[in-house]
Amino acid sequence: LFAFALVYMQKRIRLNNDKILVRRNKAHKMVVKRLKSAEKHLRSNDERAFYDEMLKALWGYMGDKLNLPVARLSKDNVREALAARNAEGRLVDRFVDIAGECEYAQYAPQGSARKEELYGAALELISEFESKI
């Protein structure tokens, strides 16, 4: 039992030292947390906070999953990184569309009336990325 515990602990230490792997593994957990926060803002009808959380969730997820620093997060860099991982073009386009619509609605005087659709599309997109990447 002691030998098993020792081997298990050594493996955990090695995995925790790999910062990229830790960041990728926590990406899903963080996006779920942010999307739940966005849903709370959606229910309370706080549009600005909703779109802000949606953008943080989407960009944070892509940054963590693709190991891109915040300074390099852009639609072009995400497209390039996803293409390098052989992601479907349809998924990449959906991500860009959802992020673009959230950015537009966040700063437009008249917000998007499709908040629930955007939220549902973001959930679907994240689950598809989890299964494909």
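Select K115 and display its surroundings in this predicted model: setting aside neighbours within four places in sequence, K115 is in contact with L42, N45, E47, F50 and Y51. K115 belongs to helix α6, which covers residues 115-132. Although lysine carries a charged side chain in the salt bridges visited later, K115 itself counts as buried, because its relative accessibility is 12%, and buried means under 20%.

Next, colour the largest nonpolar core, which has 34 residues, and within it pick out L35, M54, M62, V78, L82, F95 and F129, the members that touch the most others. The elements that each give two or more residues to this core are α2 (19-43), α3 (47-66), α4 (75-84), α5 (89-107) and α6, and the largest share, 10 residues, comes from α3.

From that group, centre the view on M62. Not counting residues up to four places away in sequence, M62 touches N67, L73, V78, L82, F95 and F129.

Now turn to the charged side chains, where the structure holds 16 salt bridges. Select R34 and E53, whose closest N and O atoms are 3.5 Å apart in a salt bridge. This pair links distant parts of the chain, since R34 sits in helix α2 and E53 in helix α3, 19 residues apart. Which of the two is buried? E53 is, with a relative accessible area of 12%, whereas R34 counts as partly exposed at 28% relative accessibility.

Staying on helix α2, select E39 and R43, whose side chains meet in a salt bridge of 3.5 Å, N to O. These residues are four apart in the helix, so about one helical turn separates E39 from R43. E39 is partly exposed, with a relative accessible area of 28%, while R43, at 52%, is exposed.

For the last stop, select E88 and K132, which form a salt bridge with their closest N and O atoms 2.9 Å apart. E88 lies in the loop between α4 and α5 and K132 in helix α6, so the pair ties together parts that are 44 residues apart in sequence. Both ends are partly exposed: E88 has 32% relative accessibility, and K132 has a relative accessible area of 46%. To finish, add R90, R94, E124 and E128 to the selection, because salt bridges that share partners join these residues with E88 and K132 into one network.

Technical notes: Residues numbered from 1 in each chain as written. Predicted model: local features only at pLDDT ≥ 70, side-chain atom pairs only at ≥ 80, totals over all residues. Heavy atoms only, no water. Buried < 20%, exposed > 50% of the residue type's maximum accessible area, 1.4 Å probe, protein only. Contact = heavy atoms within 4.5 Å. Core = buried A, V, L, I, M, F, W, Y, C linked by side-chain atoms within 4.5 Å. Salt bridge = Lys/Arg side-chain N within 4 Å of Asp/Glu carboxyl O.
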